[in-house]
Amino acid sequence: MVVHGLLALSLATSVLPAADIQAKIDCSKVKCLALTFDDGPGKHTRTLLDLLKKEKVKATFFVTGKYVEESPSVVRRAAREGHAIGNHTYSHQSLPPLLAYEIIDEMRAASTAIEDATGKRVRMFRPPYGHTDQRVLGIAGEQDLAQVLWTGTTLDWSLRDVKKIKAAVLRLARRDGVILMHDTVPQTVQAMPAIVKELKKRGYHLVTVPALAGAKGLEAGVSYP
């Protein structure tokens with residue numbers, strides 16, 4: 001009976017959805033870090049997803065609506081494999097200079113594209129360039145979105161160098177950190193195998209932003225971290 005019980009438990013664990021397994025990681029007890037990728041999906045995103053799947057780690061993708069419409073299957077796959085998907089607006093404009101209705105349109109169009117691709121409600125957004133203010137945050141709250149910024153940015157779009165990007169991630173890594181990268185930068189994707197290997201070696205559990213937030217979750221109209 002014990003053997004059968006253990007076998008049943010093993011089988012049940014093996015078929016748990018990726019998101020459920022991720023939810024079992026308690027970041028209050030272990031060292032967690034969220035790797036986030038902006039601006040995609042792009043032509044390198046599939047390669048990145050292959051790596052994340054191989055390494056059994058999760059990430060968060062803040063996707064641009066117009067590119068989601070071009071490659072919905074990539075975003076659908078990312079969501080299916082347990083990664084978190086966030087709104088990065090529809091056309092990647094700086095939001096504070098826009099009129100309120102324009103900001104709403106940017107957020108709504110991106111959320112619609114993501115929800116059409118994944119079948120899942122969008123709960124978080126990241127403002128392009130990190131440009132935000134209280135008005136933008138308030139509008140995000142009205143759209144039922146939490147705002148997610150970062151604890152460190154690699155500036156990978158400027159570095160464009162595999163070794164420098166890896167060094168930047170390792171320098172910025174800290175418990176409960178949120179690191180900003182771009183899956184549209186080929187050198188970032190090329191650097192990821194070595195980055196993931198070293199972060200694991202240092203004892204990090206690589207989780208999504210919602211998993212990092214824990215049971216309390218992300219609250220609409222609130223900025224994280």
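In the predicted model, helix α5, which spans residues 72–80, has Val74, Val75, Arg77, Ala78 and Ala79 as its buried residues. The cover over these buried residues of α5 is drawn from several elements, including the helices α3 (45–55), α4 (65–70) and α6 (100–118) as well as the strands β2 (60–63) and β3 (84–87). After α5 comes Gly82, a residue whose phi is positive, near 95°.

Of the strands that contribute to the cover of α5, β2 has residues pointing in two directions, with Thr60 and Phe62 on one side and Phe61 and Val63 on the other, and each of these four is buried. In general, the side chains of a regular strand alternate between the two faces of the sheet. Strand β1, made up of residues 32–38, pairs with β2 in the parallel sense, and 3 bridges connect the two strands. Between β1 and β2 the chain passes through α3, and the β-α-β crossover formed in this way is right-handed. Within the pairing of these strands, Phe37 stands opposite Phe61 in β2.

Strand β2 is also joined to β3, again in a parallel arrangement, through 4 bridges. In this pairing Phe61 stands opposite Ile85 of β3, while Phe62 stands opposite Gly86 of β3. Strand β3 is itself covered on both faces, since Ala84 and Gly86 on one side are buried, as are Ile85 and Asn87 on the other. Residue Phe61 thus has a partner opposite it in β3, namely Ile85, and another in Phe37.

Where are aromatic rings paired in the model, and how many such pairs does a search of the whole structure find? The search of the whole structure returns 1 aromatic pair. This pair is formed by Phe37 and Phe61, and it counts as stacked because the ring centres are 5.5 Å apart and the planes meet at 25°, an angle that falls under the 30 degrees required for stacking. Because Phe37 belongs to strand β1 and Phe61 to strand β2, the pair ties together parts of the chain that are 24 residues apart in sequence. Both Phe37 and Phe61 are buried. A further arrangement that involves an aromatic ring is found at Tyr204, where the charged end of Lys31 sits over the ring at 4.3 Å from its centre.

Helix α6, one of the elements that cover the buried residues of α5, contains Ala100. Is Ala100 buried or partly exposed? Its relative accessibility is 36%, and Ala100 therefore counts as partly exposed, the limit for a buried residue being under 20%. When neighbours within four places in sequence are left aside, Ala100 is in contact with Arg135 and Ile139. The second of these residues, Ile139, is 39 residues from Ala100 in sequence, yet the C-alpha atoms of the two are 7.7 Å apart in space.

Taken as a whole, the protein has 11 helices and 9 strands, and buried residues account for 45% of its 225 residues. Among contacts with a separation of 6 or more, 76% involve residues that are 24 or more positions apart. The area exposed by the protein is about 11300 Å², of which 55% is supplied by carbon and sulfur atoms.

Key: Residues are numbered from 1 along each chain as its sequence is written. This is a predicted model: local features need pLDDT of at least 70, side-chain atom pairs count only at pLDDT 80 or more; totals for chains, interfaces and linings use all residues. Side-chain values use heavy atoms; hydrogens and water are left out. Buried means under 20% relative accessible area, exposed over 50%, partly exposed in between (1.4 Å probe, protein chains only). Contact means heavy atoms within 4.5 Å. Accessible areas come from the Shrake-Rupley method with a 1.4 Å probe; for residues, only the protein chains shown count as cover. Two strands pair if DSSP finds at least two bridges between them. A crossover is right-handed if, with the strands pointing away from the viewer, the path from the first strand over the helix to the second runs clockwise. Rings of Phe, Tyr and Trp (its six-membered ring) pair if their centres lie within 6.5 Å; planes under 30 degrees apart count as stacked, over 60 as edge-to-face and the rest as tilted. A charge sits over a ring if NZ of Lys or CZ of Arg is within 6 Å of the ring centre and within 35 degrees of the ring normal.
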